[in-house]
Each structure stands twice: as structure tokens, then as C-alpha cells.
Amino acid sequence: MSNKVKKLVLIGYGGMGTRHLGRLKSVDQIVVDGVYDIDKNKQNEAAKDGYKVYNSFEDVIKNKSIDIVLIATPNDSHKELAIKALKNDKNVICEKPVTLSIKDFEDILKIAKMHKKCFMVDQNRRWDENFNMIKKIYEEHSIGDVYEIRNYVQGSRGIPNDWRQLKSKGGGMVYDWCVHLLDRILYLNNDVKLKSLYANLSYSLGHEVDDGFEVTLLFENDLKVVLGVGTTNFIKLPEWYMVGSLGTMEIEDFELNGKYVTLEGELTKDTIPVEAGAGFTKTMAPRNDGSVIEHSLPDVKTDVCDFYRNFVNWIDGKEDPIVKNTEVMRTMNIINKIFESAEKNEVIKF
Ligand code: NAD
């Protein structure tokens with residue numbers, strides 16, 4: 001394909017679809033041709049917002065001038081839409097979770113290969129600033145060798161009152177959030193194998209799908225990662241917490257409140273015991289002796305639009321995909337193990 005500007009049609013004019021359209025305004029290599037949504041009200045909304053609206057998905061994929069179809073519909077519909085689009089020689093960007101089974105994902109990849117088309121999953125949270133701060137400190141060993149990372153995303157508003165509450169649609173917080181959190185941790189530890197995982201899911205709201213989870217992953221480099229999501233947490237845990245041999249880092253929230261602290265003195269220098277509750281302790285005595293330095297969070301610059309730019313460059317043969325399908329496959333395999341661990345209440349060993 002030539003390096004011409006690519007024409008894109010968005011499928012699904014909902015929460016995420018409209019966000020994509022906003023972001024695509026800053027991507028010179030892509031022009032939005034139009035929108036298709038199965039819901040007439042959404043079609044009207046899109047028309048009112050000034051977009052060309054297609055009457056059917058068939059009309060989109062039969063239009064030979066369209067290069068890219070962007071699928072932002074509920075999770076159970078991705079497979080069928082993606083396969084139809086690929087069979088009609090469209091490149092496809094697909095929302096996460098890519099599919100609800102490995103077999104469905106394999107079927108998509110087979111068709112993409114057969115038609116020599118690019119298929120990439122929107123793992124956009126790799127561009128979150130807080131994750132990139134963690135990544136920088138982790139990779140630069142600024143707090144020494146990291147052996148524990150905790151990433152919690154918590155709120156108190158339950159699961160949105162839509163398809164996310166339905167099992168058949170791929171609802172629940174594992175498919176909604178764990179896919180992101182896991183993708184990032186695996187991205188950080190691309191070449192490190194997993195030793196084991198243990199997961200619990202919560203059903204405290206009484207839906208047929210999970211409203212939260214906690215997953216503990218142990219990697220072969222002895223890194224322990226805990227990923228947690230809660231939808232009934234009126235007080236949140238810090239979003240990121242990372243412990244290394246020479247320091248600790250905390251990022252409280254998406255607003256990027258946080259810091260990291262590094263050890264400047266000796267780790268085990270003796271100290272005076274402090275009163276603590278009904279007892280006393282030396283082990284847990286605070287470090288108010290000048291033996292640690294507090295640092296601001298590092299500066300990082302991220303631009304989620306690089307995802308779309310990379311997709312176009314991949315189509316044009318100029319770059320490899322940022323989000324590789326092998327990575328997505330690894331994530332989806334582990335998601336299955338998370339469900340298995342929670343159902344059996346067992347540690348899964350790899
Ligand atoms: P939504 O319910 O707000 O929007 C989905 C839209 O798709 C609706 O307008 C609906 O009418 C339309 N739709 C349903 N089936 C369709 C079909 N067969 N053909 C055409 N249109 C159809 O949902 P959402 O929150 O935008 O989520 C959509 C997808 O985006 C999901 O896969 C979700 O997991 C993903 N998502 C990703 C992120 C992210 O950060 N990457 C954030 C939110 C949602």
C-alpha cells in the first residue's frame with residue numbers, strides 16, 4: 001500500500017468510539033471517513049455531530065476506498081466484525097479484550113494472514129503517564145532491583161449499568177480492566193516467564209460477572225506483581241506501589257500525585273525503638289535520620305496517538321506493530337488462567 005493518508009471508519013459510536021474520534025483529529029496519516037453504529041439513536045447522534053453515517057456494516061466493508069475499520073463495540077461482537085472486515089481487505093484496529101476465547105482470536109489472525117492485512121488491538125493504557133513513570137524507574141533501577149509491584153484501580157460506582165454487567169457480552173472487570181493491567185505488566189517483563197498466579201474475583205454487587213479482582217503473579221526473576229480492581233471502594237489504595245532493593249515508589253492516582261524514596265544510608269543500621277500502638281518496634285521505626293531522600297515523580301512524555309501512527313506505519317511497512325498479536329495472545333492465555341484459578345481457588349503453576 002502506498003503512503004497515502006488512510007481512510008478510517010469507526011464501528012460503534014459509544015464511549016470509546018467517540019474518544020477514538022477525538023484522538024484521531026491529531027493524527028495526520030488518518031482521515032475519518034464515517035461511522036457505523038447498529039443503534040439508530042447513535043447513528044442520529046453521529047450525524048448531528050457532523051459525521052457521515054453508514055446504514056450498514058456491509059456498506060462499510062464493501063466500500064473499496066476504506067483502508068481501516070476501527071471496532072469499538074461490545075466485547076462479544078469483535079470477532080464477527082473483525083473477520084468480515086479482514087475478508088473485505090480492510091486493516092483492523094480492535095478494542096480490547098480482543099475476543100472472549102483464544103480460538104476466536106486465532107480465527108481472526110488466520111484470516112488477517114490470509115488476506116495480508118494488519119490487525120492490532122488497542123492496548124492504549126501502555127501510554128498512561130503513571131505506567132510510564134513506573135516503567136522508567138523500573139528499567140533504570142532508580143530504586144534498585146524491583147521485587148514487588150502493586151497496581152490497583154478502584155472506584156465506588158459499581159459496574160456501569162450496560163452490557164458490562166452481562167456475561168454473554170463479555171462483561172465484568174477482568175475483561176474490562178485486568179486486560180489492561182496485565183498487558184502492561186507483561187509489556188514490562190516481555191521476556192520473563194511466569195512461575196505462578198493466584199486470583200480471586202469478587203461478586204459483591206450480585207451481578208453474573210465479577211465486579212472486581214485481585215491477581216498475584218510470580219515471575220521467574222522473582223518479581224511479585226499484584227493487580228487489583230474494585231468497584232465498591234470508597235477509599236482507594238494507591239494506584240501504583242513499587243518496592244525495590246534501594247527504595248520505594250508510590251503513585252496515588254491518575255492525577256499523578258506521588259513520589260519515590262531512595263536509601264542513602266545503611267539498610268539495617270541500628271536505631272532506637274519507637275512506641276507503636278500497644279507495643280514498641282525497632283524494625284518499623286521511621287527513617288527520620290536523613291538516611292533516605294525523597295524525589296518527585298520523573299518527567300515522562302506520552303502520546304496515545306502514537307498508537308494510530310504506528311498502525312499506519314505498520315500498514316506502510318515502515319515499522320513493526322507496537323502492540324504485537326503474540327503479546328495479546330499471551331495476555332489472553334493468562335486471562336483464562338485467572339478465571340481458572342478463581343474458579344478452582346487454586347494457584348496455577350506454569
Ligand atoms: P458503549 O456501549 O459505550 O459503545 C458501544 C457502541 O457499539 C454502542 O453505541 C452500540 O450501539 C454499538 N454497537 C453494538 N453492537 C454493534 C454492532 N454489531 N455494530 C455496530 N455497532 C454496535 O461501549 P464502550 O465503552 O465504548 O466499549 C466499546 C469497546 O471498547 C469494548 O470492547 C470495551 O471493552 C472497549 N473499551 C476500551 C477502552 C480502552 O481504554 N481501550 C475503554 C472503554 C471501552
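In this predicted model, strand 6 (residues 146-154) and strand 10 (residues 240-244) run antiparallel and are joined by 5 bridges. Within this pairing, V146 has G244 of strand 10 as its bridge partner.

Both strands belong to an open sheet of 9 strands with mixed pairing, in which the order is 15-12-11-10-6-9-8-7-16. The edges of this sheet are formed by strand 15 (292-295) and strand 16 (348-349), and because each has a single partner strand, one side of each is left without a neighbour in the sheet. Strand 16 also takes part in a packing arrangement with a helix: helix 9 (residues 325-344) lies across strand 7 (194-202), strand 8 (212-219) and strand 16, and runs at about 60 degrees to strand 7.

Another element to follow is strand 4 (residues 91-94), which contains N91. With a relative accessible area of 2%, N91 falls under the 20% cut-off and is therefore counted as buried. A polar atom of the N91 side chain lies 2.9 Å from the backbone nitrogen of C118.

The ligand, finally, is surrounded by 24 residues, of which the closest are M16, D37, N75, N124 and R164. Polar atoms of both backbone and side chain face oxygen atoms of the ligand: a polar side-chain atom of D37 lies 2.6 Å from one such oxygen, a backbone N or O atom of M16 lies 2.7 Å from a ligand oxygen, and a polar backbone atom of G15 is 2.9 Å from an oxygen atom of the ligand. Of the 840 Å² of accessible area that the ligand has on its own, the protein covers 83%.

Conventions. Residues are numbered from 1 along each chain as its sequence is written. This is a predicted model: local features need pLDDT of at least 70, side-chain atom pairs count only at pLDDT 80 or more; totals for chains, interfaces and linings use all residues. Side-chain values use heavy atoms; hydrogens and water are left out. Helices (H or I, at least four residues) and strands (E, at least two) are DSSP runs, numbered from the N terminus. Buried means under 20% relative accessible area, exposed over 50%, partly exposed in between (1.4 Å probe, protein chains only). A polar contact is a pair of N or O atoms within 3.5 Å; within protein, one must be able to donate a hydrogen and the other to accept it, and residues adjacent in sequence count only if both atoms are side-chain atoms. Two strands pair if DSSP finds at least two bridges between them. Contact means heavy atoms within 4.5 Å. Axes are lines fitted to C-alpha atoms, for helices over the stretch in contact, and angles run from 0 to 180 degrees between N-to-C directions. A residue is near a molecule or strand if one of its heavy atoms lies within 4 Å of it. Accessible areas come from the Shrake-Rupley method with a 1.4 Å probe; for residues, only the protein chains shown count as cover.
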